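Here are some comments on the local geometry and helix packing, set out as numbered points for a colleague who has the coordinates open.

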Amino acid sequence: MDKKMLTIDLNSQVMIDKAEKDGVETMYDRKLAMKAQCGFGLQGNCCRICGMGPCRITPKTPRGLCGADEHTIVGRNFARMVAGGTAAHSDHARDLAHTMALSSRDGNYKIREEGKLIELAKEWDVATEGRDIYDIAHEVAEIGLMEFGKPYGVSRLLKNAPKQRQQVWKDYEIEPRAIDREIATIMHSTHIGCTSDLDSLIHMSLRTSMADGWAGSMIGTRFSDILFGTPIPRQTEANLGVLEQTKVNIVLHGHEPTLSEMIVLASEDPELVALAKEMGAEGINLAGMCCTGNEVTMRHGVRIAGDFHQQELAIITGAVEAVIVDVQCIFPALAKVADCYHTKFITTSPKAKITGSTYIEFKEEEALAIAKEIVKEAVLNFKNRDQEKVLIPELKSSATVGYSVDAIIPQLDRVVNSHIDPTGTVKPLVDCLKSGVLRGAAGVVGCNNAKGVSNEAHVTIMKELIKNDIIVVTTGCGAQAAAKFGLMDKDAAKKYAGKGLATVCELVDIPPVLHMGSCVDISRILDLVAACAKNLDMDMSDIPVVGIAPEWMSEKAVAIGCYVVASGIDTYLGIMPPITGSSRAVEILTEGLKDKVGASFTVNENCHELAATIISDIEKKRVHFEK
Ligand code: BF8
């Protein structure tokens, strides 16, 4: 098979060819070499939880040594994926809370959004009158940190949901308690000899995922906005073509804005810019990748180099002086690829040390000084670039990004209601949904998965949805696919959208696919859906809104899928999770949950069929508007 057929991204195809010529191995080579994946792993019915195993379920061995059947094994494995994903998102949020606790008027981290902090303080019953803003920040940070380990009570962010949804959570008993407790409970309950009941395993998976969506991720996004600013619409460009021949190229990859915000500042430091010039470069060019890419493009317009599947390919351009990473979604393979070029692969987090990288530990207390040291490493490396090895593919697309909920609301008001008083609410969007000008809304999120063709499902599904007047909001690597393929360009509405959506886009001056941030920022999508449902006095499960993860791959995505379903939003997956070893797990996740939370999963690995199902299901949901 031609490796290039494993991606629809033309730049990636050019880089796959270059890698071949340069003798560099990429994920695409490993994908072809790994002919058949383990069938037990794919079905989720291999148990490695205790030392008597691994136990694999077959018709001849229907139980593991302890007697666990396929339903227990699949359920435990699934629950542990949810715990892993929730831990990753929430630990990210914890770091932001610690950063807010460190914030000070003369330090590296300041409060950028005082209004938002006050709003959150009031929501959390923190006194604000006559107090110094940093005192308030420190108290809010402490309360945020308590959400991880408080001994009693449930997430304080649940009350942002419509009251009907809060009741569902109460009735089904999935209101999450302290975030760490939910994760620990899953790790305990899935230990040998604890829970074997599948319903219970799925129930705790949903409750733990709620600690991700309606606690950890919400804290992550809110604290990031307070510290670094709430995103507003801005222009950017996306794909490997944003790397520059004449500048020091730094790729920022990973997740947490605590590091990337400081790198952005450091890259503007006049001394470092002068040093770049001394090295013969015209300046410093930052480019983002994966969710860090989303964070810095949403807040600064930093251009997007690419998505999860392009991390090796960026280095293969031969034009990258440094890849700077913190945590999550970083291929260990980057060390080896970087060795084939002059690129420095710089790891910074004690939570993600990678063999073969250059490790420069990032500490929030000395944030800017360390960021400058890291950028200096990159700048000094420019002289080692071998021009003969450089090939920067040409393609890049323009995109408008930065659609936080706070940015969407005034955008809707500014144009639609220019002749009347602004509503300051999501009412204009709700009116478009109710009238049928927009048939529905979809959150298309998640990763790239080598089980399919990179970017194909994302782009196919998004194009189908917007053609059918379904507005798309997106985060994560899905957002980067949209940006790369021109779907976030304001002209995209004319090219691809149906009449209703195109009219709305023109009136309110937005693209048909809205970039709402990183995967942690799916909390923004929850906020938006909750605001629409509240405006309609309906449950979130009754409005024509869906979640879609066409190319998901990470445990974080499993946690996300679960909290989106728990929020009453039907969720569509383009990749089958490892659950098919248990017919009951498949039944509960794709059907049974409907009775509990009003939503469930649908899986179809054919993206055209999946898009058709989504469109038809959205139409069915519209009956609630007719009641
Ligand atoms: O959190 S979409 S590949 S980068 S997991 Fe990772 Fe998936 Fe990309 Fe961000 Ni989200």
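**Notes on helices, packing and backbone**

1. Helix α24 (residues 583-597) has 15 residues and reaches 20 Å from its first C-alpha to its last, which is close to the 21 Å expected at 1.5 Å a residue. This, like everything below, is read from a predicted model. The end-to-end figure should be viewed together with the local course of the axis, since α24 bends by about 45° at L589.

2. The residue at that bend is also part of the covered side of the helix, for A585, I588, L589, L593 and V597 are buried in α24. These buried residues of α24 pack against four helices and a strand, namely α4 (70-102), α7 (163-172), α9 (198-228), α23 (555-566) and β16 (601-603). Just after α24 comes G598, with a positive phi of about 80°.

3. One of those partners, α23, has 12 residues that should span 16 Å at 1.5 Å a residue, and because its end C-alpha atoms are 17 Å apart, the two values agree. Helix α23 is mostly covered, with 11 of its 12 residues buried. The buried residues are K556, A557, V558, A559, I560, G561, C562, Y563, V564, V565 and A566, so that a lysine is listed among them. Just after α23, a positive phi of about 90° is found at G568.

4. Another partner of α24, helix α9, also meets helix α22 (residues 522-536), and the axes of α9 and α22 come within 8 Å and cross at roughly 110°. Angles of 65 to 115 degrees count as roughly perpendicular, and α9 is therefore roughly perpendicular to α22. On the α9 side the contact is made by G213, S217, M218 and T221, and on the α22 side by I522, S523, R524 and L526. Sorted by class, the contact of α9 with α22 has three nonpolar, four polar and one charged residues.

5. What angle do helix α11 (residues 270-278) and helix α15 (residues 367-380) make where they pack? The angle is about 10°, with the axes of α11 and α15 10 Å apart, and the two helices are therefore roughly parallel to each other. In this pair, L272, L275 and A276 of α11 meet K372, V375, K376 and V379 of α15. The residues of the contact of α11 with α15 divide into five nonpolar, no polar and two charged.

6. Some backbone values deserve a separate comment, because most residues other than glycine have a negative phi, and most peptide bonds are trans. The peptide bond from G53 to P54 is cis, with omega near 5°, and P54 is found in the loop between β1 (46-47) and β2 (55-56).

7. Although D125 is not a glycine, D125 has a positive phi of about 60°, and its place is in the loop between α5 (114-123) and α6 (133-149). Is D125 buried or exposed? It counts as exposed, because D125 has 8 C-beta neighbours inside 10 Å, and a residue with 12 or fewer is put in that class.

8. C329, which is likewise not a glycine, has a positive phi of about 65° and lies in the loop between β7 (322-325) and α14 (334-339). With 25 C-beta neighbours inside 10 Å, C329 therefore counts as buried, the cut-off for that class being 20 or more.

Key
Residues numbered from 1 in each chain as written. Predicted model: local features only at pLDDT ≥ 70, side-chain atom pairs only at ≥ 80, totals over all residues. Axes fitted to C-alpha atoms, helices over the stretch in contact; angles between N-to-C directions. Parallel < 35°, antiparallel > 145°, perpendicular 65-115°, else oblique. Contact = placed C-beta atoms within 7 Å. Nonpolar A, V, L, I, M, F, W, Y, C, P; charged D, E, K, R; others polar. Expected span 1.5 Å × (residues − 1). Bend = angle between axes of the 7 residues up to and from the residue.
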